[in-house]
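Trainee: May we go through this structure together, one question at a time?
Mentor: Certainly; please have the sequence and the model before you.

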Amino acid sequence: MEITLNDVKNNETIRELVSHANKCLEVIGYTDHGPRHVGYVSRIAGEILEKLGMPERRIELAKIAGWVHDVGNMINRKNHGLDGAVMLFPILCEIGMPVAEVCDVCAAVGSHEEETGKPVSDISAALILADKIDAHRARVRVKKFDLADIHDRVNYSIQSTKLTVQDGTIAIDYNMSSSSSPMDFLMIYLTRMQMCEKSAEFLGCNFGLYINGVKLNRWEEPDGV
Ligand SMILES: [Fe+2]
Ligand SMILES: [Fe+2]
């Protein structure tokens, strides 16, 4: 029997890890990393592979990796991808996932951080893309909202996002209000967007970064030159 995203979500240990990791990050002032964030990452990672025509099982494994990718924050923010992968290995084996699949999920989790991560598989590339593009006002924690904090300011200004995967391009367009700016966005998201470019390339695609419909990355030759 194949282990599904629902099996993983309903596992008590994993549920506690997801919740505790989010609580630890709340205490040290990070934006939301709870069910909203991991749910988004899970859904988008699956959607990217689905739109690229990948096999169903790869899509499900990407969704699983998305749900569990941040559990290492329960130990510490630093190296949370690596810690998460090591913690998840025995848990996923124990719930009956074949070791080869556990390796795929844990490799993706262990490779999603900016400091140490590079795409190592289709699942890993989809996870990086889904995780790094997640900027949205819903991530701002209401209790600690502070416009002087650049993470709050940027996230709060993003009212909606539109992801498209078509014709060999994975593109994200942020609908940003004037309470922040593309400059603010790039100050905190530049290396994440560069990681998205590498991940899209791994999947044989281009990556397009747009804010309010204006493309910010990749030079293109103008018409008629
Ligand atoms: Fe993370
Ligand atoms: Fe994340």
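**Packing, sheet and loops**

Mentor: Helix 8 and helix 9 are oblique to each other. Please keep in mind throughout that this is a predicted model.

Trainee: At what angle do helix 8 and helix 9 pack?
Mentor: Two packed helices are described by the angle between their axes and the distance between the axes. For helix 8 (residues 150-157) and helix 9 (residues 182-202), the axes are 10 Å apart. An angle over 145 degrees would count as roughly antiparallel, and 65 to 115 as roughly perpendicular. The value for this pair is about 120°.

Trainee: Which residues of helix 9 meet helix 8?
Mentor: Helix 8 passes helix 9 in a left-handed crossing. By class, their contact has five nonpolar, one polar and two charged residues. From helix 8 come Ile150, His151, Arg153 and Val154, and the residues they meet in helix 9 are Asp184, Phe185, Met187 and Ile188.

Trainee: Is helix 5 roughly parallel or roughly antiparallel to helix 6?
Mentor: Helix 5 (residues 80-94) and helix 6 have axes 8 Å apart and pack at an angle of about 160°. Angles over 145 degrees count as roughly antiparallel. Helix 5 is therefore, with respect to helix 6, roughly antiparallel.

Trainee: How many charged residues has the contact of helix 5 with helix 6?
Mentor: Helix 5 passes helix 6 in a right-handed crossing. Among the residues that meet are Leu88 and Phe89 in helix 5, and Val102 and Val105 in helix 6. By class, the contact has eleven nonpolar and three polar residues, and the number of charged residues is none.

Trainee: How many of the residues of helix 7 are buried?
Mentor: Helix 7 (residues 122-132) is mostly covered. Its buried residues, including Asp122, Leu127 and Lys132, pack against helix 3 (35-51), helix 4 (56-68), helix 6 (99-110), strand 2 (169-176) and helix 9. Of its eleven residues, the number buried is eleven.

Trainee: Which strands stand at the edges of the sheet?
Mentor: Four strands form an open sheet with mixed pairing, in the order 1-2-3-4. An edge strand has a single partner strand, so one of its sides is left without a neighbour in the sheet. The edge strands are strand 1 (158-166) and strand 4 (214-215).

Trainee: Which residue in strand 2 is the bridge partner of Thr164?
Mentor: Strand 1 and strand 2 run antiparallel, and eight bridges join them. In strand 2, the bridge partner of Thr164 is Ala171.

Trainee: Is Cys205 buried or exposed?
Mentor: Cys205 is in the loop between helix 9 and strand 3 (206-211). Leaving aside neighbours within four places in sequence, its contacts are Gly168, Thr169, Ile170 and Ala200. A residue is buried if 20 or more other C-beta atoms lie within 10 Å of its own. Cys205 has 22 such neighbours, so it counts as buried.

Trainee: Is Asp167 buried or exposed?
Mentor: Most residues other than glycine have a negative phi. Phi of Asp167, however, has a positive value, near 50°, and Asp167 is in the loop between strand 1 and strand 2. Because Asp167 has 8 C-beta neighbours inside 10 Å, it counts as exposed.

Trainee: What is the phi of Asn79 near?
Mentor: Asn79 is in the loop between helix 4 and helix 5. With 16 C-beta neighbours inside 10 Å, Asn79 counts as partly exposed. Its phi is a positive value in a residue other than glycine, near 60°.

How values were computed:
Residues numbered from 1 in each chain as written. Chains lettered and ligands numbered in written order. Predicted model: local features only at pLDDT ≥ 70, side-chain atom pairs only at ≥ 80, totals over all residues. Axes fitted to C-alpha atoms, helices over the stretch in contact; angles between N-to-C directions. Helix = DSSP H or I, 4+ residues; strand = E, 2+ residues; numbered from the N terminus. Parallel < 35°, antiparallel > 145°, perpendicular 65-115°, else oblique. Left-handed = near helix turned anticlockwise from the far one by under 90°. Contact = placed C-beta atoms within 7 Å. Nonpolar A, V, L, I, M, F, W, Y, C, P; charged D, E, K, R; others polar. Buried ≥ 20, exposed ≤ 12 C-beta atoms within 10 Å, placed from the backbone. Pairing = 2+ DSSP bridges.
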